[in-house]
Amino acid sequence: MAPLRITRISQKAGRPVTETANNVAPPRVPLAPKKPHSFTHHGITVEDPYAWLRDPGYPKVEDEEVLNHLKAENAWFESRMAPHEGLTEKLFAEMRARIKEDDSSVPQKDGDWYYWVEYEKGAQYKQWWRKPAAGGRDGTEGKQLLLDEVALAEGKDYFNLGSFSVSADGTKLAYSADTDGSERFEARIKDLASGELLPDTIPGTLGSLIWTANDSKIAYSLANEQWRTDNVRLHTLGTPIDQDVEIFHEDDEGFRCGASLSANEQWLLIATSDHETSEVRIVPAADPTADQLLIRARQKGVEYEVDVRGDTIVVLTNDDHVNFRLASAPLASPDEWTTLIAGSDEFYITGFELFEKFYVVEGRRAGLDQIEIRDYADPAKITPVDFPEESYVAAMGNNPEWDMDVLRIGYNSMVTPSTVYDYDVASGELTVLKVQEIPSGYDAAQYRTERVVITARDGTEVPVSLMMRADTPMDGSAPLHLYGYGAYGIAMPPYFSTARLSLVDRGFIYAIAHIRGGDDLGRQWYLDGKLDKRTNAFNDFVDVARGLIERGYTSKGRVTASGGSAGGELMGAILNSDPDLWGAIVAHVPFVDVLSTMLDASLPLTPGEWPEWGNPIEDAAAFALIQSYSPYDQVRAQPYPPLLVTAGLNDPRVTYWEPAKWVAKLRELKTDDNELLLKVNMGAGHGGKSGRFDSLKETAEEFAFILWQMGMADE
């Protein structure tokens, strides 16, 4: 049993006076030793005294000194958060009470079956079910449990289901699972009649499992030593995996490849790409070892994706417009693309889905989601799906059948819980199938949402989505939490969150900054926040915070912020540039050691990331730019606001040593006594803990830290 600790917190946060029963030494601030290490590129030498925190045996982390330091960081985190455990538990109880624990998705028909998922009360993970379609969507006769994640996760600290794929004849299930957060999945095959697992086992997969050759073979990709999928392979059921056949290999170390099925399930699509260039081949799904048809050879900067209908290929590409166009080509001449929908400055095409009688185009206008039904025979016939609010998130749901007349669509907004619709293509009618239930109660009328535009320092207008209680004062007294990401062309939509209510109900305004680097306002919005324009994303975020202060939403020092991964890089950059602006910051698995990572081609993501960040190995200008904003490299002797950092020991995306090195350097150089905490998930990866309640508990810890630092721990 651990010794009883009685803790007194001194007036200076970060300097506890701790007495322990049994004379056991209390946790101390983990000060990492500095060890000489440097590297030189382009005539510039960089000192990196905390490089030793990278275990040379990675991805195995067994170095005792490294592990002891990470454990000391966790002990420090626990000791500092311990006095606020009651607040964390209160927040967690609030968040959990807003979740319908015994929940289920709306069944969706696929062939002879309806499929859905369920959560049992108290369960951390899902169960996957089906029933015969003949009984209708609402019937229960013949209900069959296909996969029980609860049972698979039992006794494990981490569990993540990867691929879930039922064979076309409905007799077998291929699935994959990751049990340590490393994102190397083991694939298994289950006989759905007997419930038994077949002996076929494929370790180290990454990506989808695709049934081919009349359900006798599975197409998959293996992760190589650098966690890259440079292959597509075929496994024949009942044969040893060393007899599997590689049907495609990608030689460019910056590209990743994978397989999928066409919407009509007649073609196996093999796609390979990096962050700016792509290439697609197709081969009959019934004969996946046949000669492959290359749609168009890769051309740097040209992205495209394809699907097939009859003897026509449909292509989404940015070859002549930054916001993409939709084109078609005959199978006989797959690289002769004829425009179906021209590229537009106003309409950013983000995707399309083919069905037997019509096709669907998804995109955004002025940053708002659009779904349009299009007619094969009449290109001018466009039927938009209309939604009831001015700011919202809408997207196609699971629509697995080729011949569909009713489409499943998902919808929500910052004040509207997630809603599942059926959309009748013929009538244009939206039917509500399910609205997210909040057991503890929720009244949308008590909240309001706004969308404002803040002018950044270079004159660019940056949109911001805000949510607050209807009675929140607009006199600058309210605290405001600002969230951002701004990378990889990933938009941050104005989505609904039950967890967020625990801040909003305590008087916070919650804001999402739609900064450059995402594609919220179109593809150019993304391009204007990458490579040599990367700092636009950081400037946008800071300028949004200052603009909201100027407009009276909040005041300086009352703004908290959070972001994860590349959004964690954002947090690091704004801490260095404007430390006095923030009341508290949370950086989840932050990508903060940008220069060292982009200089190391052996790391899993690096070669494929050069089109996003630049290649500092070959390009001196890229080296200088990255060094100028890399959060770890730019830490300096100055005051920093309170900061909570998270990491995952098994994280293959942002390796654990990046946040660990960053925190060590901050501890060395910062000139204040504000809190600096690092929590390392020792059995998880990029996404933190995997169970739905364990994940929610981490959000409660984050909010408790923010409230504590804002002097609101008692609210």
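A polar contact is a pair of N or O atoms within 3.5 Å. The exercises below use this cut-off and refer to a predicted model.

**Exercise 1.** Determine which residue caps the N-terminal end of α10, and which side of the helix is covered.

Solution.
1. A side-chain oxygen of Asp619 lies 2.9 Å from the backbone nitrogen of Ala621. Asp619 thus caps the N-terminal end of α10.
2. In α10 (residues 620-629), the buried residues are Ala622, Phe623, Ile626 and Tyr629.
3. These residues cover an arc of only 150° around the axis, so they sit on the same side of α10.
4. Residues three or four places apart point the same way, because an α-helix has 3.6 residues a turn.
5. The buried residues of α10 pack against β3 (38-41), β4 (44-47), α6 (535-550), α7, α8 and α9 (606-613).

**Exercise 2.** Check the length of α11 against its expected span, then describe its burial.

Solution.
1. Helix α11 (residues 657-669) has 13 residues; at 1.5 Å a residue it should span 18 Å.
2. The end C-alpha atoms of α11 are 18 Å apart, which agrees.
3. Of the 13 residues of α11, 11 are buried, including Trp657, Trp662 and Leu666.
4. Among the elements that cover the buried residues of α11 are α1 (64-81), β38 (582-588) and β40 (676-681).

**Exercise 3.** Find the edge strands of the open sheet β17-β18-β19-β20.

Solution.
1. The sheet has four strands in that order, with antiparallel pairing.
2. β17 (256-261) and β20 (293-294) each have a single partner strand, so they stand at the edges.
3. β17 pairs with β18 (residues 267-273) over six bridges; Ala259 has Ile270 in β18 as its bridge partner.

Notes: Residues are numbered from 1 along each chain as its sequence is written. This is a predicted model: local features need pLDDT of at least 70, side-chain atom pairs count only at pLDDT 80 or more; totals for chains, interfaces and linings use all residues. Side-chain values use heavy atoms; hydrogens and water are left out. Helices (H or I, at least four residues) and strands (E, at least two) are DSSP runs, numbered from the N terminus. The expected span of a helix is 1.5 Å times one less than its number of residues. Buried means under 20% relative accessible area, exposed over 50%, partly exposed in between (1.4 Å probe, protein chains only). Contact means heavy atoms within 4.5 Å. The arc is that of the directions from the helix axis to the C-beta atoms. A polar contact is a pair of N or O atoms within 3.5 Å; within protein, one must be able to donate a hydrogen and the other to accept it, and residues adjacent in sequence count only if both atoms are side-chain atoms. Two strands pair if DSSP finds at least two bridges between them.
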